Amino acid sequence: MIKCLSILAPLLLALAFVACDPGATITYINETEQPVDIYLGTSPKAFDASVPAHSEKKVLTIRQVWNDRVIARDEHGAIVSEQHVTWDELKAQHFRVVISATGVLPTGTPTPMRTSTRN
């Protein structure tokens with residue numbers, strides 16, 4: 001009985017966590033000519049994934065962690081694209097975020113690519 005409880009307790013705890021905090025696998029699709037780093041917000045701690053040029057990467061994301069600001073930065077830290085995507089919008093797009101040189105598609109309004117003035 002005790003062995004059964006020691007096995008069931010972690011399972012029940014995990015189920016309770018999942019029931020209270022659903023997540024999803026987000027697919028970031030990079031359609032640009034350069035690798036990008038994806039951030040969920042403006043903090044350097046908000047890093048979520050690195051995606052090579054012309055490829056995709058899947059990342060498990062917990063809903064409570066989701067920040068509706070998705071920012072893709074190039075290797076120099078310049079913003080390639082940025083958009084606000086709510087969890088409901090993300091869900092409607094089957095948890096896919098497409099990074100293009102004109103912004104993050106397919107939801108919301110794309111932000112044009114910024115050019116760096118640094119030499």
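# Worked exercises on a predicted model

At 9% relative accessibility, E82 counts as buried. This residue belongs to a predicted model, and the exercises below start from its surroundings.

## Exercise 1. The partner of E82

Task: Find the residue with which E82 forms a salt bridge, and state what the pair ties together.

Solution.

Step 1. Searching the whole structure for salt bridges returns one.

Step 2. That bridge joins R69 to E82, with 2.5 Å between the closest N and O atoms. R69 is in strand β5 and E82 in strand β6, so the pair links parts of the chain that lie 13 residues apart in sequence.

Step 3. Compare the burial of the two partners. The cut-off for buried is under 20% relative accessible area, and partly exposed lies between that and 50%. R69, at 26%, is therefore partly exposed, while E82, at 9%, is buried.

Step 4. As background, side chains of opposite charge can pair when their charged atoms come close.

## Exercise 2. The hairpin of β5 and β6

Task: Describe how β5 and β6 are joined, and name residues that stand opposite each other.

Solution.

Step 1. The two strands run antiparallel and are connected by five bridges.

Step 2. Two opposite positions fix the register: R69 faces H84 in β6, and R73 faces I79 in β6. Thus the strand neighbour of R69 in the pairing is H84, whereas its salt-bridge partner is E82.

Step 3. Five residues lie between the strands of this hairpin, and G77 has a positive phi near 90° there.

Step 4. Check the cover of β6: five of its six residues are buried, and the strand is mostly covered.

## Exercise 3. Strand order in the open sheet

Task: Give the order of the strands in the open sheet of four, and say which strands stand at its edges.

Solution.

Step 1. The order is β3-β2-β5-β6, and the pairing is antiparallel.

Step 2. The edge strands are β3 and β6 (79-84); each has a single partner, so one side of each has no neighbour in the sheet.

Step 3. On average, neighbouring strands here are turned by 15° against each other, with direction ignored.

Step 4. Place the sheet in the whole chain. The protein chain has two helices and eight strands, in the sequence pattern α-β-β-β-β-β-β-α-β-β.

## Exercise 4. β1, β7 and the residue I26

Task: Determine in which sense β1 and β7 pair, parallel or antiparallel, and follow I26 from β1 to its contacts.

Solution.

Step 1. β1 and β7 pair in the parallel sense, over four bridges. Within this pair, T27 is opposite R96 in β7.

Step 2. Four of the five residues of β7 are buried, so the strand is largely enclosed by the rest of the structure.

Step 3. I26 is found in β1 and is buried, at a relative accessible area of 0%.

Step 4. Leaving out residues up to four places away in sequence, I26 touches K57, K58, V59, T61, W66, L90, F95 and V97. I26 and H94 are 68 residues apart along the chain, yet their C-alpha atoms are separated by 8.4 Å.

## Exercise 5. The nonpolar core

Task: Name the residues that touch the most other members of the largest nonpolar core, and the elements that give two or more residues to it.

Solution.

Step 1. This core has 19 residues, and those touching the most other members are Y28, I38, W66, V70 and L90.

Step 2. Two or more residues come from each of β1 (23-30), β2 (36-40), β3 (47-51), β5 (69-73), α2 (87-92) and β7 (96-100).

Step 3. Take Y28 as an example. Beyond four places in sequence, its contacts include I38, L40, A49, V51, V59, W66, V70 and V97, and also D48, S55, E56 and K57.

Step 4. For the chain as a whole, 34% of the 119 residues count as buried. Among contacts with a separation of 6 or more, 52% join residues 24 or more positions apart.

## Exercise 6. Two residues with positive phi

Task: H54 and F95 both have positive phi; decide for each whether it is buried or exposed.

Solution.

Step 1. Most residues other than glycine have a negative phi.

Step 2. H54 has phi near 50° and lies in the loop between β3 and β4 (55-62). At 52% relative accessibility, H54 is exposed.

Step 3. F95 has phi of about 60° and sits in the loop between α2 and β7. At 18%, F95 is buried.

Terms used:
Residues are numbered from 1 along each chain as its sequence is written. This is a predicted model: local features need pLDDT of at least 70, side-chain atom pairs count only at pLDDT 80 or more; totals for chains, interfaces and linings use all residues. Side-chain values use heavy atoms; hydrogens and water are left out. A nonpolar core is a set of buried Ala, Val, Leu, Ile, Met, Phe, Trp, Tyr and Cys residues joined through side-chain atoms within 4.5 Å. Buried means under 20% relative accessible area, exposed over 50%, partly exposed in between (1.4 Å probe, protein chains only). Contact means heavy atoms within 4.5 Å. Two strands pair if DSSP finds at least two bridges between them. Axes are lines fitted to C-alpha atoms, for helices over the stretch in contact, and angles run from 0 to 180 degrees between N-to-C directions. A salt bridge is a side-chain nitrogen of Lys or Arg within 4 Å of a carboxyl oxygen of Asp or Glu.
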